[in-house]
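Me: I would like to go through this model with you and ask, for each term, what justifies its use.

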Amino acid sequence: MPLSASLRQVMTRLNEGVGGVVLVVDAAGTLQGVVTDGDIRRAIIAGTAFEAPADAFMSRQFTAGRAGAEPTANLALLNARVRHLPILDAGGRPVDLLTWADLWKMPLVQPSLGGNEAKYVNDCLTTGWISSQGAYIDRFQSAFAAYMGGGEALCCSSGTTALHLALAALGIGPGDEVIVPDFTFGATANVVIHAGATPVFVDVDPVTWTMSPAAAAAAVTPRTKAIIPVHLYGHPCDMDPLLALAERHNLKVVEDCAEALGAEYKGRKVGTIGDVGCFSFFANKIITTGEGGMVTTGDKDLAAIMARLRDHGMAKDRRYWHLEAGFNYRMTNLQAALGLAQMEALDKFLARRADLVARYDRTLAKIQGMTLPPRAPWARNVHWLYTITIDEAVLGLTRDLLAEKLKERGIETRPVFFPLHPQPAYRNAVAHPCPVTEDLARRGLSLPTGNEMTIEDASKVCEALTSVLHSHLVTLMRGA
Ligand SMILES: Cc1ncc(COP(=O)(O)O)c(C=O)c1O
C-alpha cells in the first residue's frame, strides 16, 4: 500500500486476510515499512486517528530477505519475532512474502507409519503375496476381531464397500427404505442407493451430533428395513433407543463406524452393537491401510454371506460356482500387512489422541463463542477429528474466516460435512426436517488431529487460534 494509506485503509486490507501484514511502499515501489496486526493494535491503543497516514504507525525497522537467495537462507530469518519476511529485489521492491506458514505447516491429519508397516509390507513383496490371499489377511482380521472382543471380522477394499456388503448381505434392495443421518459423509447414503433402496434422511441429536432416536422413530414406515447410525467424528450414537426402535419394527442395524474405531457406547465397542459394524481405513482414519475397510458381526451365518459376496458370490466349497452375483470387495495382503502393523499401534494412537484432546480442551474451553466437541456422559469419543462449533455472533467472525486466518498461519482445518438432503445426488431420497444438521454444518470446524501430531503441535495450534481471535476482536472493536 502507498505511504498515504490511512490507518482505516490498512485495517480494511488486513481484514481481507492478507496474512496479517501490509507492506508500505513509496512512489518508486521501494519498501518503506511493514504494518502488522500488532502495529494496528498499538496504534489504536495510542489513540492514532483512523485517517492518519500509514507512516504514523508502521515500523520502519523490518527484516527482509533477498530475491534470488537460497530459500532456506530466507526461511532462516523467520523466528518468534519476525513472523513476516518481505523478499526484496535489488531495488528494495517487495517481490514476495514469507510467513510462518512457509516455515511450519500443520496438516489436518497425517498417518503414522513408523511401526512394523514397512517390515510387513516388505515381507509381502519378498514372498510375492501381494493380492487378496496371504497370511496378513487372516492376521489382520484376527487382530481386529480380538480387539472387538470376539465375533467375526472381514476386511474389504474400503469403508464404502464394507457398508454396501453389509446391506447386500442383509437383503436390502429395491422398494426398501433405510434411515440414515443427514449429517454424515455421502458414502453412508450412496451405498443405500447402490443397493437399490431409498435413503431417508433424519436429523441428528444436538448433544451427540449423531442420529436422533426420536427423529429416526418418526421416520419409520412399513417400507423401512434398516437404520445406519453413524458414529460421527468418533462419537458413538445413543444406541439403546435405536436398538429398541429396531426391535419394535424388525429393522436391521448397520453401524457406520468409519470414523470411530475404538469408540465405546456404555462400555461396548462400536461395531459390536448392531447387526454389522463397518469401518474405514482410508489414510485419514484412526488406523489406515491406504484404502480399506472391515465388516464385523457376531452372526456367523451373516459373516459367511458377506465373505461369499465379497468374493464374487462364489460357493465356498465349489470354485467358480456362483451362488449370487457378488462383488470383488476383497482387501489385498499388502493392505492387510499395513493394517496389522496399525492394529499393533492402535492403543498408542488412541492415547495420543486423548492427550491432544486434553491440550485443546484446556485452551478452547476458555474461549467464549466456541463449543468443544460432543461428549455424552456414556461415551468414549475417540475424536477422529477434534471438531468445534463457532458462535459467530459471540466471536465476531465466521467459521470460514477463522479457517482462512488459520491457513495463513500454516494450519489446515476442515469444515464439517454439508447436510446431505439438499445435494443433487439425493434428489430422489426422502428428507425429514434437519435443523440441527443445518446449524452444525454452518458452524463446525475440525482442527488438526493426527496420530503423528505432538502436544507441542497442539499448543501451537491453540496459540495461533487465540492470537487470530485476539487480533480480529481488536480490529473489529475499533472499526465499529
Ligand atoms: C462416516 C463415513 N462413512 C463411510 C465412509 C467411507 O469410507 P471409505 O472412504 O473407506 O470408503 C467414510 C469415510 O470417508 C465416512 O467418514
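**Ligand shell and sheet**

Me: This is a predicted model; what makes the pair between the ligand and aspartate 256 a polar contact?

Reply: A nitrogen atom of the ligand lies 2.8 Å from an N or O atom in the side chain of aspartate 256, and because a polar contact is a pair of N or O atoms within 3.5 Å, the pair qualifies. The side chain of lysine 285 likewise places an N or O atom 2.8 Å from an oxygen atom of the ligand, while for threonine 160 a polar side-chain atom is 2.5 Å from a ligand oxygen. Taken on its own, the ligand has 380 Å² of accessible area, of which the protein covers 92%.

Me: Which helices supply at least two residues each of the shell around the ligand?

Reply: They are helix H7 (159-169) and helix H8 (187-194), and H7 provides the largest share, with 3 residues. The shell has 15 residues, with Gly159, Thr160, Asp256, Glu259 and Ser280 the closest; by class, 5 are nonpolar, 7 polar and 3 charged.

Me: Why are strands E17 and E20 called paired?

Reply: Pairing requires at least two bridges, and 4 bridges join E17 (residues 386-390) to E20 (residues 444-447), so the two strands pair, running antiparallel. Within this region threonine 389 stands opposite glycine 444 in E20.

Me: What is the order of the strands in the open sheet?

Reply: The order of its 4 strands is E15-E17-E20-E18, with antiparallel pairing, and E15 (370-371) and E18 (414-415) are the edge strands, since each pairs on one side only. Helix H14 (residues 399-408) packs on this sheet, touching E15, E17, E18 and E20, and its direction makes about 20 degrees with that of E20.

Notes
Residues are numbered from 1 along each chain as its sequence is written. This is a predicted model: local features need pLDDT of at least 70, side-chain atom pairs count only at pLDDT 80 or more; totals for chains, interfaces and linings use all residues. Side-chain values use heavy atoms; hydrogens and water are left out. A residue is near a molecule or strand if one of its heavy atoms lies within 4 Å of it. A polar contact is a pair of N or O atoms within 3.5 Å; within protein, one must be able to donate a hydrogen and the other to accept it, and residues adjacent in sequence count only if both atoms are side-chain atoms. Accessible areas come from the Shrake-Rupley method with a 1.4 Å probe; for residues, only the protein chains shown count as cover. Ala, Val, Leu, Ile, Met, Phe, Trp, Tyr, Cys and Pro count as nonpolar, Asp, Glu, Lys and Arg as charged, and the others, Gly among them, as polar. Contact means heavy atoms within 4.5 Å. Axes are lines fitted to C-alpha atoms, for helices over the stretch in contact, and angles run from 0 to 180 degrees between N-to-C directions.
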